[in-house]
Amino acid sequence: MEDKARWQDGVNLIFGAWLFASPIALSFTQVHVAALSAYLAGACVVALSILSLKKPQMWQQWCYVAAAGWLLLAPFVLDFTDNATATANYVLMGMFLGMDALWVMTQGSQQQSIT
């Protein structure tokens, strides 16, 4: 993987910041388990994004994929599917984060195969 930052890492930073702010912005702080999970996932994605912006590595993309998987499963595992706002936020952010990471991973393999 190349040693320069990718614009997708900046997008992931925005995704992480949104995840962290979303319980307040979307008013689901009363769903404590959903809010806590969003705060933790958001903080992890922000930290990983900062690290990715400084020194991109392939393992970071796998961490994004794992975080995306958690976001997609969390409403069902933590049982807050009755809150449509929180559930939709988690599912959409999981899809966006996962697609972004997979995009970077496919771009990296194309670049490596060319050189």
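This report describes the fold, the nonpolar core and one buried glutamine of a predicted protein model.

## Confidence in the model

The model is predicted, and its pLDDT averages 90 over the protein, with 89% of the residues scoring at least 70. Residues 110-115 call for more caution, since pLDDT stays under 50 over this stretch, for which the model has two contacts beyond four places in sequence.

## Overall fold

The protein has four helices and zero strands, so that the order of elements from the N terminus reads α-α-α-α. Among contacts with a separation of 6 or more, 63% join residues that lie 24 or more positions apart.

Of the 115 residues in the protein, 38% are buried. The accessible surface comes to about 6,200 Å², and carbon and sulfur atoms account for 73% of that area.

## The nonpolar core

The largest nonpolar core holds 19 residues, of which Phe28, Ala34, Tyr64, Leu71, Phe80, Tyr90 and Leu97 touch the most other members. Two or more residues of this core come from each of the helices α1 (7-25), α2 (32-54), α3 (58-77) and α4 (84-114).

Leu71 is one of those well-connected members, and its contacts, leaving aside neighbours within four places in sequence, are Leu19, Ala41, Tyr90, Val91, Met93, Gly94 and Leu97.

## A buried glutamine

Gln61 is found in helix α3, and this residue counts as buried because its relative accessibility is 0%, where the cut-off for burial is under 20%. Not counting residues up to four places away in sequence, Gln61 touches Arg6, Asp9, Ala101, Val104 and Met105.

Terms used. Residues numbered from 1 in each chain as written. Predicted model: local features only at pLDDT ≥ 70, side-chain atom pairs only at ≥ 80, totals over all residues. Heavy atoms only, no water. pLDDT = per-residue confidence, 0-100. Contact = heavy atoms within 4.5 Å. Core = buried A, V, L, I, M, F, W, Y, C linked by side-chain atoms within 4.5 Å. Buried < 20%, exposed > 50% of the residue type's maximum accessible area, 1.4 Å probe, protein only. Areas by Shrake-Rupley, 256 points an atom, 1.4 Å probe, with all protein chains shown as cover.
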